[in-house]
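User: Please take a close look at the sheet of this model, and follow it outwards to the loop beyond its edge and then to the surroundings of the ligand. I would like one connected account that I can read beside the structure.

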Amino acid sequence: MTKLAGKKAIVTGGAMGIGLATCRRLVREGCDVTIWDLSEKELMTAEKELTAMGGKIFAYVCDVSDKDRTHDLAEQARKDMGRVDILINNAGFVRDGMFWEQPVENAVKQMDVNVNALFYSIHEFLPEMMDRDSGHIVNVSSGVAISSAPGLAAYTTSKWAVWGLTDVLRLEVMTAKKNGVKFTSVHPGNIATGMFEGFTLNLLGRLISPPIKDHDVIAKGIVEKGLKKQRHLVVIPWQIYIGMIIRGIVPNFILARLSLLVGLGSCINNYQGRKGFIHSTSEVKKE
Ligand code: NAD
């Protein structure tokens, strides 16, 4: 079990949801934490709360899809914390709607925030982790990287890419015999509030993958299973593993029908997202 006390961590999208819950756990473990987040107001609130908990917190407004800003803030993190032991790429962006009904820019933006941003941040810190042969990069993918979700085509694409990137980087690092550098891909199911509020499966789907009530359930998985036990894959709820096994063994035409049978075809019919924020459907309609 790896001890986290004294480690220096960056959490992207750490002002709300899974990111904030993870920051709370890291502070309790004794880590210094840098947060990069787009939402200034929530960032300031989070900084205040985490500092009051006794944490050494460095909070910066950042759009993680901005390569130059990421580079500048990576330099800043080295100045603030000395080094970066843990990088948690958690910030995510979603726009719902059938692919052909949306401006293509929505799809590109999701790839920018959910995938290209990981290229930028990992490219900043992986070389120095390799030099030290130590460090841990956690990338937050999704359950939709195992069971694709109609109405979330670009988001699904981006989360498959996150898993692929995490998987291949692990092999590259092992090939270079830098076994001290660890990677974790995190696959949360549906959290009932926040970014995916209103996303629903039918009764069968909810039995197989019950909605998660609290962001901290995922944060616990990231810290306890990912960082401390150094697991390569963190899948919550565990039932999503069933989807992985089914994908590996059943013919594709059956897989597609099974996906629709659990309600994935109508999963975004009541989607609302985080109201008033960037993942809000009402905001999309305003554009
Ligand atoms: P959230 O909306 O509660 O938090 C996301 C955070 O990312 C927010 O603080 C937001 O301001 C920040 N953010 C968004 N775009 C950003 C950008 N361009 N630059 C910097 N910060 C940005 O969402 P969450 O549920 O905590 O999601 C966290 C991660 O988990 C995301 O990657 C998401 O795709 C993934 N995920 C969520 C669920 C779910 O059901 N909520 C399920 C599977 C995967």
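Analyst: Two strands are said to pair if DSSP finds at least two bridges between them. In this predicted model, strand 5 (residues 135-140) and strand 6 (residues 181-188) run parallel and are joined by 6 bridges. To follow that pairing at the level of residues, one can start from V138, whose bridge partner in strand 6 is T184.

This pair belongs to an open sheet of 7 strands, which are arranged in the order 3-2-1-4-5-6-7 with parallel pairing. Strand 3 (57-61) and strand 7 form the edges, since each of them pairs on one side only. Across the sheet, neighbouring strands are turned against each other by 15° on average, with direction ignored.

Beyond the edge strand 7 (233-236), the chain passes through a loop to helix 8 (240-249), and W238 is found in that loop. Is W238 buried or exposed? W238 counts as exposed because its relative accessible area is 57%, and the cut-off for that class is over 50%. The side chain of W238 is nevertheless joined to that of Q239 by a polar contact of 3.5 Å. Although W238 and P188 are 50 residues apart along the chain, their C-alpha atoms are separated by 9.5 Å, and position 188 is where strand 6 ends.

Turning to the ligand, 30 residues lie around it, of which I18, D37, N90, Y155 and R274 come nearest. Among these, N90 has a polar backbone atom 2.7 Å from an oxygen atom of the ligand. A polar backbone atom of M16 is 3.5 Å from a ligand oxygen, whereas with K159 it is an N or O atom of the side chain that is 2.9 Å from an oxygen atom of the ligand. Taken alone, the ligand exposes 830 Å², and the protein buries 99% of that area. The elements that give two or more residues to the surrounding shell are helix 1 (17-29) and helix 5 (153-175). By residue class, the shell divides into 15 nonpolar, 11 polar and 4 charged residues.

Read together, these views run from the parallel pairing of strand 5 with strand 6, through the exposed W238, to a ligand of whose area the protein buries 99%.

Definitions and conventions: Residues are numbered from 1 along each chain as its sequence is written. This is a predicted model: local features need pLDDT of at least 70, side-chain atom pairs count only at pLDDT 80 or more; totals for chains, interfaces and linings use all residues. Side-chain values use heavy atoms; hydrogens and water are left out. A residue is near a molecule or strand if one of its heavy atoms lies within 4 Å of it. A polar contact is a pair of N or O atoms within 3.5 Å; within protein, one must be able to donate a hydrogen and the other to accept it, and residues adjacent in sequence count only if both atoms are side-chain atoms. Accessible areas come from the Shrake-Rupley method with a 1.4 Å probe; for residues, only the protein chains shown count as cover. Helices (H or I, at least four residues) and strands (E, at least two) are DSSP runs, numbered from the N terminus. Ala, Val, Leu, Ile, Met, Phe, Trp, Tyr, Cys and Pro count as nonpolar, Asp, Glu, Lys and Arg as charged, and the others, Gly among them, as polar. Buried means under 20% relative accessible area, exposed over 50%, partly exposed in between (1.4 Å probe, protein chains only). Axes are lines fitted to C-alpha atoms, for helices over the stretch in contact, and angles run from 0 to 180 degrees between N-to-C directions.
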